[in-house]
Structures are given as C-alpha cells and as structure tokens.
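The following paragraphs lead through one molecular model, from its helices to its surface. Please keep the sequence and the coordinates at hand while reading.

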Amino acid sequence: MTLTLFHLSLLIITFVSSFLVYSIEHPVYSILLLIVTFFNASICIFIFQCDFLAFLFIIVYVGAIAILFLFVVMMLKIKTFPVKEFKYYFLNFLIKYYRF
C-alpha cells in the first residue's frame, strides 16, 4: 500500500497538532488541538480497516476524556499571563524546553 497525498496530509496534521498541544500556553486551545489529534488518529485507524477500534477511539478519547478536560479547564477559569512569544515556533520550543 502506497502512501497517498491524503495519508501524508493526515500524518502531517496529526504531528503538527500533537506538537502544538504541548507548545501552546493557552489550555483551552491545547485541548481543542488534542481533540483534532484524536480525530486524525482515529481516521488513520479507520484507513487500516479497524472500524470498531476507530469508533471506540472517538467515543472514549474524544467523547469522554477530552471533553471532560475541556469542561474542567473552562470551569476553573485558568488565567494565562501574556508571555512574549517569538515569531518562530521551533526557536521558541528550543529556548523554552531545552534551556541552552
């Protein structure tokens, strides 16, 4: 089975959204990107013809866990402080997490 443009775009979107879940400071946006990551992962599982596992993945992870996280974060009303962001995310990631 060859990788088509659709498969590669799903993989790239999943990788980028999972990277942004970790690197974005705002918790609501982070959880919304986590939901996007779960949906893309379930589509990838669905492509491999594991229908039950894909639907189970959507129901359990997106329907229960991610929505629960979203409700908890919205109820806590976490306030974020403005942080000076760099224009480039990769440089921001290196400075923030690897501490030269």
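Against which helices do the buried residues of H2 pack? In this predicted model, the buried residues of H2 pack against helix H1, which covers residues 5-23, and against H3. The wider setting is a protein chain with 4 helices and 0 strands, whose elements run α-α-α-α from the N terminus on. Of the 100 residues of the protein chain, 25% count as buried, and among the contacts with a separation of 6 or more, 57% are accounted for by residues 24 or more positions apart.

Helix H2 can be examined through its length. With 21 residues at 1.5 Å a residue, H2 should span 30 Å, and because its end C-alpha atoms are 30 Å apart, the expected and modelled values agree. The buried residues of H2 are Pro 27, Ser 30, Ile 31, Leu 33, Ile 35, Thr 37, Phe 38, Asn 40, Ser 42 and Cys 44. After H2 comes Gln 49, whose phi is positive, near 65 degrees.

Two of these residues show how the packing of H2 is made up. Asn 40, which lies in helix H2, counts as buried because its relative accessible area is 9%, under the cut-off of 20%. Not counting residues up to four places away in sequence, Asn 40 touches Leu 10, Ile 13 and Thr 14. Ile 35, also found in helix H2, has a relative accessible area of 12% and is therefore buried. Leaving aside its neighbours within four places in sequence, Ile 35 is in contact with Val 62, Ala 66 and Ile 67. The C-alpha atoms of Ile 35 and Ile 58 are separated by 9.2 Å, although the two residues are 23 residues apart along the chain.

The contacts of Ile 35 lead on to helix H3. The 26 residues of H3, residues 51-76, should span 38 Å at 1.5 Å a residue, and its end C-alpha atoms are 36 Å apart, which agrees. Where is the kink in H3 centred? The kink, of about 25 degrees, is centred on Ile 67, a residue that is also in contact with Ile 35. In H3, Ala 54, Phe 57, Val 62, Ala 66, Leu 70 and Val 73 are buried, and the buried residues of H3 pack against helix H2, residues 27-47. Val 62 and Ala 66 thus appear both among the buried residues of H3 and among the contacts of Ile 35. H3 is followed by Lys 77, whose phi is positive, near 55 degrees.

The surface remains to be considered. The accessible surface of the protein chain comes to about 7,900 Å², and 77% of that surface belongs to carbon and sulfur atoms. A nonpolar surface patch of about 970 Å² is made by Phe 46, Phe 52, Leu 53, Phe 55, Leu 56, Ile 59, Val 60, Tyr 61, Ile 65 and Phe 69. Which element gives the most to the nonpolar patch? It is H3, with 9 residues, the helix that also supplies buried residues packing against H2. Leu 53, one of the residues of the patch, is found in helix H3 and counts as partly exposed because its relative accessible area is 46%, a value that falls between the cut-offs of 20% and 50%.

Definitions and conventions: Residues are numbered from 1 along each chain as its sequence is written. This is a predicted model: local features need pLDDT of at least 70, side-chain atom pairs count only at pLDDT 80 or more; totals for chains, interfaces and linings use all residues. Side-chain values use heavy atoms; hydrogens and water are left out. Helices (H or I, at least four residues) and strands (E, at least two) are DSSP runs, numbered from the N terminus. The expected span of a helix is 1.5 Å times one less than its number of residues. The bend at a residue is the angle between axes fitted to the seven residues ending there and the seven starting there. Buried means under 20% relative accessible area, exposed over 50%, partly exposed in between (1.4 Å probe, protein chains only). Contact means heavy atoms within 4.5 Å. Accessible areas come from the Shrake-Rupley method with a 1.4 Å probe; for residues, only the protein chains shown count as cover. Patches are made of residues with over 30% relative accessible area and no salt bridge: like charges are joined within 9 Å, nonpolar side chains (Val, Leu, Ile, Met, Phe, Trp, Tyr) within 5 Å. A salt bridge is a side-chain nitrogen of Lys or Arg within 4 Å of a carboxyl oxygen of Asp or Glu.
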